[in-house]
Amino acid sequence: MIYFELLRNLLGISIVVGSITCTFVQKTKILFNSSKYLMVYSFIINSIAGVFFCISFTNISFPQSLWIGLFSFIGADSLYKSLEGRIASYSKLKGNDNSST
């Protein structure tokens with residue numbers, strides 16, 4: 001049987017963690033020479049942030065906090081797309097964008 005209340009709580013926490021990590025990844029992605037590792041970097045940051053957030057502010061167990069990291073990673077893509085145009089892309093940050101805006 002699926003525990004919908006637990007799933008709802010995990011998804012709610014992942015929204016908070018995803019918002020924080022999306023901002024952090026946006027601010028730190030300029031440190032990379034190439035954008036091909038950004039997805040892996042984002043996944044690692046979301047997983048670590050999910051675990052630390054759960055340890056600090058909830059009584060959620062370690063395996064469930066990994067699910068929060070995964071959910072926040074998946075949700076960060078949706079959050080990024082909803083903010084498209086308001087946050088800078090990797091190519092704009094590096095100065096490689098050749099389009100005139």
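**Contacts along the chain**

I started with the contacts, meaning heavy atoms within 4.5 Å. Among those in the chain with a separation of 6 or more, 68% are accounted for by residues 24 or more positions apart. I have to keep in mind that this is a predicted model, where local features need pLDDT of at least 70, side-chain atom pairs count only at pLDDT 80 or more, and totals for chains, interfaces and linings use all residues. Numbering runs from 1 along each chain as its sequence is written, and side-chain values use heavy atoms, with hydrogens and water left out.

**Overall make-up**

I looked up the secondary structure next and got four helices and zero strands. From the N terminus on, the order is α-α-α-α. Helices here are DSSP runs (H or I, at least four residues), strands likewise (E, at least two), and both are numbered from the N terminus.

Then I checked burial: 28% of the 101 residues of the chain count as buried. Buried means under 20% relative accessible area, exposed means over 50%, and partly exposed is in between (1.4 Å probe, protein chains only). The accessible surface of the chain comes to about 7,100 Å², and 65% of that belongs to carbon and sulfur atoms. Those areas come from the Shrake-Rupley method with a 1.4 Å probe; for residues, only the protein chains shown count as cover.

**Helix H1**

I put a ruler on H1 (4-28). H1 has 25 residues and reaches 35 Å from its first C-alpha to its last, close to the 36 Å expected at 1.5 Å a residue. The expected span is 1.5 Å times one less than the number of residues. I noted the buried positions of H1, including Leu10, Ile13, Ser14, Val17, Gly18, Thr21 and Cys22.

Thr21 got a closer look. It counts as buried, at 2% relative accessibility. Leaving aside neighbours within four places in sequence, Thr21 is in contact with Ile45, Asn46 and Ala49. I also took its C-alpha distance to Phe73: 8.5 Å in space, with the two positions 52 residues apart in sequence numbering.

Gly12 is in H1 too, but I have it down as partly exposed, with a relative accessible area of 33%. Gly12 and Ser72 are 60 residues apart in sequence, yet 9.6 Å apart in space, C-alpha to C-alpha.

**One charged pair**

How many salt bridges did I find? The count comes to one, taking a salt bridge as a side-chain nitrogen of Lys or Arg within 4 Å of a carboxyl oxygen of Asp or Glu. Arg8 forms it with Glu5, and the closest N and O atoms are 2.5 Å apart. Side chains of opposite charge can pair when their charged atoms come close. Arg8 and Glu5 are three residues apart in helix H1, so about one helical turn separates them. Arg8 is exposed at 53% relative accessible area, while Glu5 is partly exposed at 47%.

**Helix H2**

Same ruler on H2 (residues 38-57): 20 residues, reaching 27 Å from first C-alpha to last, close to the 28 Å expected at 1.5 Å a residue. Among the buried residues of H2 I wrote down Leu38, Tyr41, Ile45, Asn46, Gly50, Val51, Phe53 and Cys54.

**The nonpolar core**

Which residues make up the largest nonpolar core? I listed seven: Leu10, Ile13, Val17, Phe53, Cys54, Ile60 and Ile68. Such a core is a set of buried Ala, Val, Leu, Ile, Met, Phe, Trp, Tyr and Cys residues joined through side-chain atoms within 4.5 Å. H1 and H2 are the elements that give two or more residues to it, and H1 has the largest share, three residues.

I followed up on Ile68. Outside its neighbours within four places in sequence, Ile68 is in contact with Leu10, Ile13, Ser14, Val17, Gly50, Cys54 and Ile60.

**Serines in H3**

Ser65 lies in helix H3 and is buried, at 1% relative accessible area. Beyond neighbours within four places, Ser65 is in contact with Gly50, Val51, Cys54 and Ile60.

Ser78 is also in H3 (residues 62-82). Buried or partly exposed? Ser78 is partly exposed, at 48%. Its C-alpha is 9.9 Å from that of Gly18, though the two are 60 residues apart in sequence.

**Cysteines**

Last, I looked for disulfides (cysteine sulfur atoms within 2.5 Å) and found zero. Cys22 is buried at 9% relative accessibility, and Cys54 is buried at 1%.
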